[in-house]
Amino acid sequence: MEKIDNFVKLYLDWNRSPEKLMKAFQILGFYVPSIAFPGFVIYTFLDTMKYRESIEILLGLIFLVIWTFMIVRIGWSRGYKFLDIVRGKKYFVIPAVADWIKFFGECVAVSLFLFPIILLADLINGGYGPTYEYGIFTLIIYPLFGYFLLLFSNFFAESLTALVDIANNTNEMVKKSSK
């Protein structure tokens, strides 16, 4: 029974420690997705490359190189600064989630910003994708969607961060007034 109690105590101590908990979140929430997701997209593109025309392959490779660089760079940059954001705060999970929301919004926005490269290949080949039905309009609308998604994700993340800052400041004021 004592071994089980020690295990539970070890788990609870790990769960209450911001450094240990956030280090795991840093790895699983930023570093792993910034490598695994581009890896999966590259694998899928290479697997379906035999069904594509040469211009689609060329523009697809341009998209993949830029997109992969951006996703990995965003993930590494956010992950590197992540522990500094949550260090020293009583409420540390909400800023962590807010930073992850920013990361996710930035990744999806980059995808939408760069998606016209793929649509351009479809337009050149006369394909039956979104550019066939709506024409050049689709080359403009996807970056706009990306911009508004980035704006919304930053708004939501900053709202959460402001809420935590208010809670931390209130906690400090209560401590000062009780002395």
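Mentor: Before we start, contact means heavy atoms within 4.5 Å. This is a predicted model, where local features need pLDDT of at least 70, side-chain atom pairs count only at pLDDT 80 or more, and totals for chains, interfaces and linings use all residues. Residues are numbered from 1 along each chain as its sequence is written, and side-chain values use heavy atoms, with hydrogens and water left out.

Trainee: Okay, what share of the contacts with a separation of 6 or more comes from residues 24 or more positions apart?

Mentor: Take the contacts in the protein with a separation of 6 or more. Of those, the share from residues 24 or more positions apart is 74%.

Trainee: What pattern does the protein follow along the sequence?

Mentor: Helices (H or I, at least four residues) and strands (E, at least two) are DSSP runs, numbered from the N terminus. Here there are six helices and zero strands. Reading along the sequence, you get α-α-α-α-α-α.

Trainee: Which helix gives the largest share of the largest nonpolar core?

Mentor: A nonpolar core is a set of buried Ala, Val, Leu, Ile, Met, Phe, Trp, Tyr and Cys residues joined through side-chain atoms within 4.5 Å. Buried means under 20% relative accessible area, with exposed over 50% and partly exposed in between (1.4 Å probe, protein chains only). The largest core has 21 residues, and Trp 67 is among those with the most contacts inside it. Helices H2, H3 and H4 each give two or more residues, and the largest share, nine residues, comes from H3.

Trainee: Is Ser 153 buried or exposed?

Mentor: Ser 153 is found in helix H6. Leaving aside neighbours within four places in sequence, Ser 153 is in contact with Ile 101 and Gly 105. Its relative accessible area is 7%, so Ser 153 counts as buried.

Trainee: And which helix gives the most to the nonpolar patch?

Mentor: Patches are made of residues with over 30% relative accessible area and no salt bridge (a side-chain nitrogen of Lys or Arg within 4 Å of a carboxyl oxygen of Asp or Glu); like charges are joined within 9 Å, nonpolar side chains (Val, Leu, Ile, Met, Phe, Trp, Tyr) within 5 Å. This patch, which includes Phe 113 and Phe 148, has about 920 Å² of accessible area together, by the Shrake-Rupley method with a 1.4 Å probe, where for residues only the protein chains shown count as cover. Phe 148 lies in helix H6. With five residues, the helix that gives the most is H6.
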